[in-house]
Amino acid sequence: MIDIQLLADGAHELGVDLTPDQLERFSRYADQLIEWNARFNLTTIIEPHDIVIKHFLDSLSVMRAIPAKAKRIIDVGAGAGLPGFPIKI
């Protein structure tokens with residue numbers, strides 16, 4: 001289980017305000033990431049605190065570089081869906 005408040009606060013500092021629904025989606029994504037990583041080596045980062053910092057917030061940090069009018073972006077070769085899934089959420 002990830003620290004939802006850490007995620008919300010960190011995202012806010014990046015200029016991204018997450019809704020309760022988005023926070024729930026991140027929580028489910030983290031649970032799935034941990035579960036599937038036990039079967040397949042998707043990432044070496046599997047501690048909940050590290051997932052928030054090193055996966056989710058790092059992924060959201062690129063939001064500043066995406067133009068507001070952008071309708072599409074591409075994530076080529078995303079391992080474990082990062083940063084694409086967090087940006088989509």
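Modeller: Let me start with a definition: buried means under 20% relative accessible area, exposed over 50%, and partly exposed in between, with a 1.4 Å probe and protein chains only. This is a predicted model, where local features need pLDDT of at least 70, side-chain atom pairs count only at pLDDT 80 or more, and totals for chains, interfaces and linings use all residues. Residues are numbered from 1 along each chain as its sequence is written, and side-chain values use heavy atoms, with hydrogens and water left out.

Colleague: Thanks! Why is Arg-25 called partly exposed?

Modeller: Arg-25 has a relative accessible area of 41%. Partly exposed covers the range between under 20% and over 50%, so Arg-25 is partly exposed.

Colleague: And what makes the pair Asp-21 and Arg-25 a salt bridge?

Modeller: A salt bridge needs a side-chain nitrogen of Lys or Arg within 4 Å of a carboxyl oxygen of Asp or Glu. For Asp-21 and Arg-25 the N to O distance is 2.9 Å, so the pair qualifies. Both lie in helix 2, four residues apart, about one turn of the helix. Helices here are DSSP runs (H or I, at least four residues), numbered from the N terminus.

Colleague: How do you know that Glu-24 and Arg-28 form a salt bridge too?

Modeller: Their closest N and O atoms are 3.5 Å apart, and the limit is 4 Å, so this pair counts as well. Glu-24 and Arg-28 are also four residues apart in helix 2.

Colleague: Why is Arg-39 called exposed, and Glu-35 partly exposed?

Modeller: Arg-39 has a relative accessible area of 51%, so it falls in the exposed class, over 50%. Glu-35, at 39%, counts as partly exposed. These two residues form a salt bridge, with the closest N and O atoms 3.2 Å apart.

Colleague: Now to Asn-37. What makes it buried?

Modeller: Its relative accessible area is 12%, which is under 20%, so Asn-37 is buried. Asn-37 lies in helix 2.

Colleague: How do you know that Asn-37 is in contact with Leu-42?

Modeller: Contact means heavy atoms within 4.5 Å. The backbone nitrogen of Leu-42 lies 2.7 Å from a polar atom of the side chain of Asn-37, so the pair is in contact. Leaving aside neighbours within four places in sequence, Asn-37 also contacts Thr-43 and Ile-46.

Colleague: One more: which class does Trp-36 fall in?

Modeller: Trp-36 lies in helix 2. At 37% relative accessibility, Trp-36 counts as partly exposed.

Methods. Helices (H or I, at least four residues) and strands (E, at least two) are DSSP runs, numbered from the N terminus. A polar contact is a pair of N or O atoms within 3.5 Å; within protein, one must be able to donate a hydrogen and the other to accept it, and residues adjacent in sequence count only if both atoms are side-chain atoms.
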